[in-house]
Structures are given as structure tokens and as C-alpha cells.
Amino acid sequence: MARMFDMPLSNHRRIYGAFLAAHAVPDAINLMFTGVGCKSKAQRQIAMHDRVREAGNKMVWSDIGDAEFIRGPAKRLASMAIETCRRRENVGLVVVTTSAAMEMTGADVESELAAIRREVGCPVIYLPTAGWDGDLYAGYGEATSAVMALAPWGSSEGDSRTVCVSGYLFDRYEPDHAANLREIQRMLGAAGASRGAVFFSGSSMRTLMEAPAAGCHLVLPYARRVAAWAGRETGRRVVATDLPVGIAASARFIVASARLVGLSGETARSLAEAESLRARPALSGARAYLSGLRVGVLAETPMAAGLCSLLLELGMVPVFAGLLDRTLGGKRAFFDALASSAGALRGCLVAEDPSAQDVEDVCRRLRGKLGRRDRGRPFDLLIAPDLWLPPSCVDGVKRVELGFPSNRWHPVSPEPFIGFAGAVALAHRIAAAEASR
Amino acid sequence: MAAKTIGKGRGPLPRDEVAGRPADLSQKCCALEGFTRLLSFMPGNFAVVLHSEPDCANLVFHDSRVADPSRFFCTNLKENDAIAGRGRGRLAAAVREAAARRRPDMIFVIGGCVASLASDDVDEIARTVDLPRGIRVVAVDGGAFRMYGQGAIVDWFAGEMIGAAPSSRRKKARSTNLVGFAPDGGETMRILGRVGLAVSAWPRLDSPQEAWAGLPNAALNVVSDVGLFSRLVEALETRHRVPSVEIAPPFGVEKAARLYSGIGGFFGLGAEMRAAFREERLRAGRRVSAFRRRHPRRKLAYHVGGRKDFELHTMVRGGLAFVSLFEELGFSVEVLFQGPVEEEHRRRIAALLDHHGVDAPFDCLPDRISLTRTLRCGGHSLVYCSDSLAEEAGAASVPIVPVGRLAPGFAGAEANVSLIEGLMR
């Protein structure tokens, strides 16, 4: 846990999560009801991460200055929203977000929203995103709930073999996510199901609003709070599952999906086992020379758990897991997601919401354990987003860039990290990093 | 401040009617955003304390390009802190912690919107914190809906940098500073060296404080835009007795010649200097003339206001520093401003163009997507704009010259011709 005045390594808050959700819906716009500096809390964060789709035109910001503040800032919100939608013509969703300062002004946003809704001809969702607490996953999850609630769930019971997926963290339009979504579709097919709408997946509002065609609903960890709502409000069968990263979690995904569409437990397990068997030969090749290498992982909790599970499957030794979120369950969720593998991580140091200083402290402890061998490196390899880390933590350490932001890693061909195909692709990346000088 | 300007005589710099600051048509920002952006990339032994809720600390760059974000601290205000007036105590504690952990030469204390709404006087708190001797504290009250142009932030920042510079012990008689000029692969130093002149300091916005500390040693200070560096110019002239001259950045053959001649002229070496760059000027001039012959009567859209990057090419001379380069290449330039379209704003733009000596027609675009429509019916061969507008320009099938890609100096003029010809192909 970061100290009182430190900044955590990953400091993105709700406002960015909500923006990310808007970025993941091509015809949505994010109207930021904020001060003038807050624009950079959204679009700038993704500018180098997503090289396929520029996010600058995704965002409209209200530019509240002294004069607007005095005149009544909420008035400007309505005029901006209405004018923007009129000019763009094809807006499918308006996501209104706010900053802490704007909420402190007590501006009457709700009454302006009524005027906006009357005028713009598309759904408008309001997400108060004051940055006192929470994280991007909270903002993304809240946006997921709000958009899902717009679908006409009462219009039909849906097809019992079609599965709607929520909580997919779609943060860029690059080939890694395209490949992930194909792998989810393939895994659902292997489990006897077909893929319905995915919240979010780069699909337009029209496609998302067809979600009720699905008769059941799979919830990934990034939208855990959706699960209770979906069970109550949509009349669908709902199952929450772990993020399918690594062989074990991917097998659990197949079992959960097969059970969701009505297959027996035994059938579900045999389908999962067949999938696992197909992937294992590729991993065993990598295992031969990755085995025993010490690895550090920096990722949000579900991803960190999936990666550590995969590393164990590759015979590697996770020695440090830094959990970069504040709302996805922390250590407890991390070890729960590891299920039966958790025992193998007894020596792994786990830090919640770490700052650079915390990582440095962990690395000092790891070096202390190692003594003089390994020339002072705390680990051989680090899997992490493009985050600045103290040189004492990363000098001489091989790196695999994964997660948000990936400013340097931009796959040119499909390279998933989800599912069985993702496990194999990640094993290739890890092996390539280890082989690099 | 009385910097001499070399170049066209111009009207007064228009002022922003609400804030009273010089008008600036770049995208607006808050001071917290601007200072964190500039300090994120600056090496050196300093710490930064943000007095804000945690979300504002997200404006600090955290990725691997930056120089040690762990120099940044944040009071991480919660709603209760702000309402109950606990922010001041937290700020004092955070400043003390930053001093104890980093042992910095300098601490920047920057307040955000919430701190301002809670009436926390960042300057007063920062001044009264008991700190070890020798730590300079710079307070920036940055938020609460005060909209700054990017140029105003750079002016403020550069003023703080020169404010920390010690007095010169030994002036270098035949040397000049260059402030607000892009790196040029060594051309300026080479040409000045031919007549026995040297560059004393050439700080960039991401240079360490030591690079700014060398400014008082020079005999002359050359700035690309006195409006962008007014505090620095004033400090150099009044505190350090270094005169300043404003000369446009050397984009294009004529502007490059003007820079070198201007510097040579100050030192009484005008004729020698013209001889020193004669060959480079002729060669670059031939390339430009050949381009003009091959591409007559072309129209270029020059887009302003699409970036919030705190980079010189966005800010120097209102972002208009490259207009003359395109005119030199024979383009008929139309300036497109992204921002408000009201008449009041148009008047300010006209005054700003006049101030910068730009005699080109202009239009206002309310947002970025309007660029497509304008280009579709405008008959433009090329658009100079941020590469983030590639989608909008692409929809109109007009190739872009990305902001930040044009090079200065005579060598740059030749490279620019190659670049632009390649794009037009």
C-alpha cells in the first residue's frame, strides 16, 4: 500500500475508466464536465497505448473557467452536449463525467441532463467520477452497468445457448484485443455456446443493445458488480468467472460456460480437458528452458492472478506480484483466483496498490533473500505495463510489456493474452524476452 | 522589459478579456497540468508536491519515458479533508516529507482546483513550512477554473527556472543564449563558430535546472518569442544585465538567414556572418526555388489549436511560426483555428495574426471533426496539423504535415522540402 503522500504506480481513477468505456464504444462520446486541466486525465493517457484509434475526437470537455463558473457551469454542460450531438449527427451514447471540484460546486447536473436527454436523441448516462478514491476499473465497471441497463432486457428471454459477456476490459483497437475476442468466441464455441454482445468490445451501441438476444450472461472480474444486478434485473442465468489467463483459468472458463448453457458437469470438464490437452505441448516446449526463472508481475488483480497461474504452468517462479488496482479485491481475490495453485505461491511477495517506493522496498527484500548470486537482480523477468520503475528494480531485468499502458508493445499480428491461445502466445513472448540480450 | 525585435513591425499582443493575460489560442490548461507536464520530463534534484485529490496526480506522467515520477508527492485530499479544512495540515506534512525523503534543492508546491475551492493558500503554506536550509520552494497556485494558455505556463515555468539561477561570475564576451529554439543538429553552433561566436546556454523545456543556470553568463540572449519568455527576459535584463533580442525561429531559408545575421549584427559581425552561411543559404534556396517551380499555386491549411503538448512548435508565436516557411515554398496558406467561433474570438485572432505578422486568411473550426468538412471543400493540397488529426484529414484525402516534424536551419529547409514532396506524392 502506497504511503500517505506517495503516488501509486497506477494512478488512474474513475474518470479515466469511464472514458475508457466510451472509447470502447465507437459511437459514444465522453462529455467531461470538469475544469480545463482534466482533459489530460482521459485522452492523453491512451494516446500512446492505442495506435489504431485516436481518442481525441471521443471527448468533449466543458472548459469551465472562472466566467463559466460564475454564470452557472451546468448551463454550459447542456449547450455543449446538444451542440456536439447536433454537429456529429451519429452519436449513439453520451457519457457525462465529472471531477471532484465540479461536484464541490454543487452544480445541478441532473436538471441539465433532463434537457440534454430531450434534445440529443440518444441515451445519456451520468457517471459522477470525482477522483477522491476508486480506480479506473471502478469507473469502467460503473459505465458497464449503466450501458447494460439501457438494453431492452424485457423484450425477450433470449437464446439459451447464446452468452452475453460483461467485464471485458477493452482498452485499445489493436490486434491483441481482436485476438482475445476471437479466442473468447472460440472458447464459448468449444463449450457448446455462442457469443452474444460483449461489454465492451469495440462494438457500436446498436450491437450492444442486441444483448438481450442472449439467454445467459457470463461476468468477468472487471464487472463483478454487474453480476448481482444482472441476475436480478435481466432474468438471465448469470455466472461470474475468473479472467481466463493461463491454462487452468481458461479451463475454468470453459467449464463455467458449458454449465451456463446447460451441459452437465462431467461433459463440461471433459471439454475443458480436451482444450487444455491441445495447448499443453506448446507450453511444455517453453517450460524446458523457462523453468526456475524468477519473475515479478505488475498487473491489476485478476490479470496478476492469471499471469502467476500461467508462470507456474511454465515452471517459473513468481516472486513478486504488485496489484495495480484498488477495487478488484486485492490479495484475497488474488489468492482466490489462483485456486489450487495458491499454495505454490507461498514465497511470493504480494503488494496492493504499490508505489515506486514500495516496489523498491520489495526488491530490496528479494535481493536480501538471494545473497550475492544473480548480480543483485530482484528477479530475472518482469511482466508489467509501461511504467517507470526505479533503476535498482529493473536494471538487467528482462521485460515483457503487458497491460495498461502498453506504449511500446503494439502487436502487428493477432497476439492474444486471453484463453488457451493467449497462454501459448504469452509463453512465446516470455521465451523471446528471456532469449533477448 | 525591452527586448529588441528583429523582423516585421507588428501590432500589440491582444489580451484575453477575462483573464487579462496575453491572448493565446492554444488549448487551455490549468497550471497544475502544465507544470506537472513540464516537470515530468525534467531531470534534476527537485521534488514536487501536488495539493489535490488523487486524480490530479494522474496528470503526472508515469511511463518509462519520464525522469523519476517518484519525485512527485500528492496530498491525496479526500472529500472530508477539503470540507473540514484539513488540507493545509496535509500540505505542510507532505512538503516536509518530500524534503526529508528526497533532500531536494528545490520543491515545487502546486495547488489544484479543490485546494483553491477550499481556500488553501498554497503560497503562504509553502513559505511557512519549516524546512532545512538551502531548499528553494516554488509555489504555484494552479487551479480553480483559471484557464491558462500553454504559453503562459511556459512563461511562468521559464521565469522560475531563471529565478533559481545564480549571478554570473564570469561573462563570456562573444557568446549568446538561445531560448525557445529547437535543436538543429549543430548548424547554429557551426555557423556561429565560423565568426568566433559561441552558444553559452541553450535550454530546452526539458533541460535540467543547471542548463538554465548558465543563461546569465552570456553577452546576449536571443529568444524566439518574447511573449513566451517575458519573465525570463526581464530577469536577465534587470538582474543579470544580459540584453535580449527577439528573432523568429529559423524555419525556412529566410528565417534562418535572419537569425544568424541578427546575432552577427549584435556583435558587429554582420558582413562576416553573411559570408559564413552563404553556401548553405544558396544551396537551401535552390531547393526551395525548385520546389516552387514544380508545385505552383498550391493551397495549404494550417491548423492551430489541436494540441495540448506544451511543446515549442505549438506555442512559439501562437503556433504560427511555420506559416512563413510554407509561404516561402509557394503555398497559399489558410489558417484554421480550432476553438470558439464567436465574433469576439475572431477579432482576437485577427489581432493575433497581425501581431505575429501573418497576413493570411483564417477561419474558425468549432471542433476537430469540422476539419474534414473544411478540407473537403477547401481545395487544399496539404494540411499542417497534429498527427492526431490524421483520421479527420484522411477522410478528406488531404495528406498532413505533422506538427513537430519540420526542421530548423538551412539543412532543415532542405529536409523539409524532401519531407513535403514525399507527402504530396
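1. Where in chain A is A:Pro405 found? In this predicted model, A:Pro405 belongs to the loop that runs between β13 and α17 of chain A, and the peptide bond that joins A:Phe404 to A:Pro405 is cis, with an omega of about -5 degrees. A cis peptide bond also joins A:Phe199 and A:Phe200, where omega is about 0 degrees, and A:Phe200 sits in the loop between β6 (194–199) and α9 (205–208) of chain A. As background to both places, most peptide bonds are trans.

2. The strand β13 of chain A takes part in an open sheet of five strands, whose order is β11-β10-β9-β12-β13 and whose pairing is parallel. Because β11 (349–352) and β13 (398–401) of chain A stand at the edges and have a single partner strand each, one side of each is left without a neighbour in the sheet. On average, and with direction ignored, neighbouring strands of this sheet are turned by 15 degrees against each other.

3. At the β13 edge, the partner is strand β12 (residues 381–384) of chain A, which runs parallel to β13(A) and is joined to it by four bridges. For A:Ile383, the bridge partner in β13(A) is A:Val400. Helix α13 (residues 301–313) of chain A packs on the sheet, where it touches β9 (294–299), β10 (317–323) and β12 of chain A, and the direction of α13 makes about 160 degrees with that of β9(A).

4. Which helix of chain A has an axis that comes within 9 Å of the axis of helix α12 (residues 265–290)? That helix is α17 (residues 419–435) of chain A, and the two axes cross at roughly 5 degrees; since angles under 35 degrees count as roughly parallel, α12(A) and α17(A) are therefore roughly parallel to each other. On the α12(A) side the contact includes A:Ala272, A:Ala279, A:Leu283 and A:Tyr289, while on the α17(A) side A:Phe420, A:Val424, A:Ile430 and A:Glu434 are among the residues met. The residues of this contact divide into 13 nonpolar, one polar and two charged.

5. In chain B, helix α3 (residues 87–102) consists of 16 residues and reaches 22 Å from its first C-alpha to its last, which is close to the 22 Å expected at 1.5 Å a residue. The buried residues of α3(B) are B:Gly87, B:Arg90, B:Leu91, B:Ala92, B:Ala94, B:Val95, B:Ala98 and B:Ala99. A useful reminder when reading such a list is that an α-helix has 3.6 residues a turn, so residues three or four places apart point the same way. Among the elements that cover the buried residues of α3(B) are β2 (46–51), β3 (72–74), α2 (79–84), β4 (106–111) and α5 (122–128) of chain B.

6. The loop between α2 and α3 of chain B holds B:Gly85, which counts as partly exposed at 43% relative accessibility. Although B:Gly85 and B:Ala152 are 67 residues apart along the chain, a stated distance can also be given in space: their C-alpha atoms are separated by 30 Å.

7. Two residues of chain B deserve a look at their backbone angles. Most residues other than glycine have a negative phi, yet B:Arg103, which follows α3(B) and lies in the loop between α3 and β4 of chain B, has a positive phi of about 45 degrees although it is not a glycine. B:Arg103 is exposed, with a relative accessible area of 66%. B:Ser397, in the loop between α17 (390–395) and β14 (400–402) of chain B, likewise has a positive phi, near 55 degrees, and B:Ser397 is exposed with a relative accessible area of 65%.

Notes: Residues numbered from 1 in each chain as written. Chains lettered and ligands numbered in written order. Predicted model: local features only at pLDDT ≥ 70, side-chain atom pairs only at ≥ 80, totals over all residues. Heavy atoms only, no water. Pairing = 2+ DSSP bridges. Axes fitted to C-alpha atoms, helices over the stretch in contact; angles between N-to-C directions. Contact = heavy atoms within 4.5 Å. Parallel < 35°, antiparallel > 145°, perpendicular 65-115°, else oblique. Nonpolar A, V, L, I, M, F, W, Y, C, P; charged D, E, K, R; others polar. Expected span 1.5 Å × (residues − 1). Buried < 20%, exposed > 50% of the residue type's maximum accessible area, 1.4 Å probe, protein only.
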